[in-house]
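Here are a few exercises to work through with the model open beside you. Try each task before you read its solution.

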Amino acid sequence: MTTSKGLAGARMLVTGASAGIGRAAAVGAVRQGARVMLAARRQKELDAAIAEAGGGEAISVDLTDPEDCDRLGESVRAAFGGLDVVIACIGVAPLQMMMDTDDEHWEQVLTTNLVGTHRLLRRCVPLLGRSGTFIALSSDSVQRPRPGLSAYAASKAALDRMIVGWRIEHPWLRFTTVTIGDTFPTDFGNAFDGEVLGRILDEWGTRGLAQARFMAPGDVARTLLAIAATMTDIPGIGIDHLTIRSPSPPAASFMDAIAGLAEAGEPAEPEAGSPTVQVDTA
């Protein structure tokens with residue numbers, strides 16, 4: 001039986017590594033022995049993540065800036081020479097009803113979520129080995145539309161189609177789109193308009209769009225790292241699409257779901273030597 005190497009020694013890039021799922025994934029990868037470049041806009045938070053992980057390298061970049069993307073690619077090449085795994089945790093979601101979604105909102109969402117990821121791919125694909133893995137995070141709001149998040153959902157639907165394009169043009173690489181369900185705490189809703197959110201929370205609950213239990217970023221990160229480790233161990237297997245969601249039933253209301261957060265503790269980050277798992281696509 002072949003011994004699993006997992007992520008030990010793997011060259012990894014994690015974007016969105018300053019908070020939430022991205023930070024948890026970067027910290028966990030370092031602890032599992034990967035060589036990790038952490039990328040995000042906030043240098044202070046990146047430095048804190050490296051201190052927490054006990055290693056890794058950080059670079060402050062804004063993926064909406066083409067020059068920053070170039071600098072990121074050059075930094076990764078200089079540090080690692082190439083890449084084995086990329087986990088792209090990129091996303092911005094202004095909370096706006098469609099009638100209030102103007103050109104500025106569309107430009108912000110599409111430039112960050114779609115074009116920013118495309119820029120990242122253009123810099124990373126030449127650095128990935130023949131069986132390298134690129135994991136991009138999407139959202140269950142694509143399949144389960146929510147009032148106020150339609151522009152965000154549209155950008156993530158476009159992301160999925162873009163990843164398909166990369167996959168068919170680079171068939172020896174593995175491109176995985178991971179749909180993520182409700183997760184807390186993250187920075188996702190930090191910029192939500194409080195007045196708009198107050199109006200639509202009840203509607204989200206009425207439509208069954210809130211799980212009774214949210215997922216924790218650490219749990220989602222452990223799953224992503226297990227996927228990455230399995231694909232690193234088994235280069236002949238690709239996972240095109242995966243859905244990660246809470247197994248809980250819908251909450252009676254969104255406020256009930258929020259109340260349940262007090263009962264859901266954040267688990268420990270992935271530890272060194274965490275086992276890899278085989279994951280079926282959803």
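**Exercise 1. Work out how well β2 is covered, and find what β2 pairs with on the β1 side.**

Solution. This is a predicted model, so every value below is computed from it.
- Start with burial: five of the six residues of β2 are buried, which makes the strand mostly covered.
- Next, look at the pairing. β1 (residues 11-15) and β2 (residues 35-40) run parallel and are joined by five bridges.
- Pick one rung of that ladder: Leu13 has Met37 as its bridge partner in β2.
- Then go to Arg11, which sits in β1. Its C-alpha lies 6.1 Å from that of Val36, although the two residues are 25 apart along the chain.
- Finish with the neighbours of Arg11. Beyond four places in sequence, Arg11 touches Arg35, Phe80, Gly81, Gly82, Leu83, Asp84 and Val85.

**Exercise 2. Lay out the whole sheet: give the strand order and name the edge strands.**

Solution.
- Reading across, the order is β3-β2-β1-β4-β5-β6-β7, an open sheet of seven strands with parallel pairing.
- The edges are β3 (57-60) and β7 (241-244), since each of these pairs on one side only.
- From one strand to the next, the twist averages 15 degrees.
- Now add a helix. α5 (residues 150-169) packs on the sheet and touches β5 (128-139), β6 (174-180) and β7. The direction of α5 makes about 165 degrees with that of β5.
- For the full inventory, the protein has eight helices and seven strands.

**Exercise 3. Step from β4 through β5 to β6, and say which bridge partners you meet.**

Solution.
- Begin at β4 (residues 83-88), which pairs with β5 in the parallel sense over five bridges.
- On this ladder, Ile87 has Ile135 of β5 as its bridge partner.
- Move on across β5: seven bridges join it to β6, and these two strands run parallel as well. Here Ile135 stands opposite Thr176 in β6.
- So Ile135 gives you a path over the sheet, with Ile87 as its partner in one direction and Thr176 in the other.
- Check the cover of β5: nine of its twelve residues are buried, so call it mostly covered.
- Now β6. Seven of its seven residues are buried, so the strand is largely enclosed by the rest of the structure.
- Sort the β6 side chains by direction. Arg174, Thr176, Val178 and Ile180 point one way, while Phe175, Thr177 and Thr179 point the other way, and all are buried.

**Exercise 4. Which residues touch the most other members of the largest nonpolar core, and which helix gives this core its largest share?**

Solution.
- The largest core holds 39 residues, and Met12, Val36, Ile87 and Leu224 touch the most other members.
- Helix α7 (residues 217-233) supplies the largest share, eight residues.
- There is also a second, separate core of 29 residues, with Met37, Ile59, Leu120 and Ala136 among them.
- Zoom in on Met12. Skipping neighbours within four places in sequence, its contacts are Leu7, Ala29, Ala34, Arg35, Val36, Met37, Phe80, Leu83, Val85, Ile87 and Leu225.

**Exercise 5. Why is there no disulfide between Cys69 and Cys124?**

Solution.
- First the count: the structure holds zero disulfides.
- Take Cys69. The closest cysteine sulfur is in Cys124, 9.0 Å away, and that is too far for a bond; the cut-off used here is 2.5 Å.
- Turn it round: for Cys124, the closest cysteine sulfur is the one in Cys69, at 9.0 Å.
- Buried or exposed? Cys69 counts as buried at 2% relative accessibility, and Cys124 is buried with a relative accessible area of 3%.

**Exercise 6. Sum up the protein in whole-chain numbers: burial, surface and contact range.**

Solution.
- For burial, 51% of the 282 residues count as buried.
- For surface, the accessible area comes to about 13,000 Å², with 52% of it belonging to carbon and sulfur atoms.
- For contact range, consider contacts between residues at least 6 apart in sequence: 77% of them join residues at least 24 apart.

Notes. Residues numbered from 1 in each chain as written. Predicted model: local features only at pLDDT ≥ 70, side-chain atom pairs only at ≥ 80, totals over all residues. Heavy atoms only, no water. Core = buried A, V, L, I, M, F, W, Y, C linked by side-chain atoms within 4.5 Å. Buried < 20%, exposed > 50% of the residue type's maximum accessible area, 1.4 Å probe, protein only. Helix = DSSP H or I, 4+ residues; strand = E, 2+ residues; numbered from the N terminus. Contact = heavy atoms within 4.5 Å. Pairing = 2+ DSSP bridges. Axes fitted to C-alpha atoms, helices over the stretch in contact; angles between N-to-C directions. Areas by Shrake-Rupley, 256 points an atom, 1.4 Å probe, with all protein chains shown as cover.
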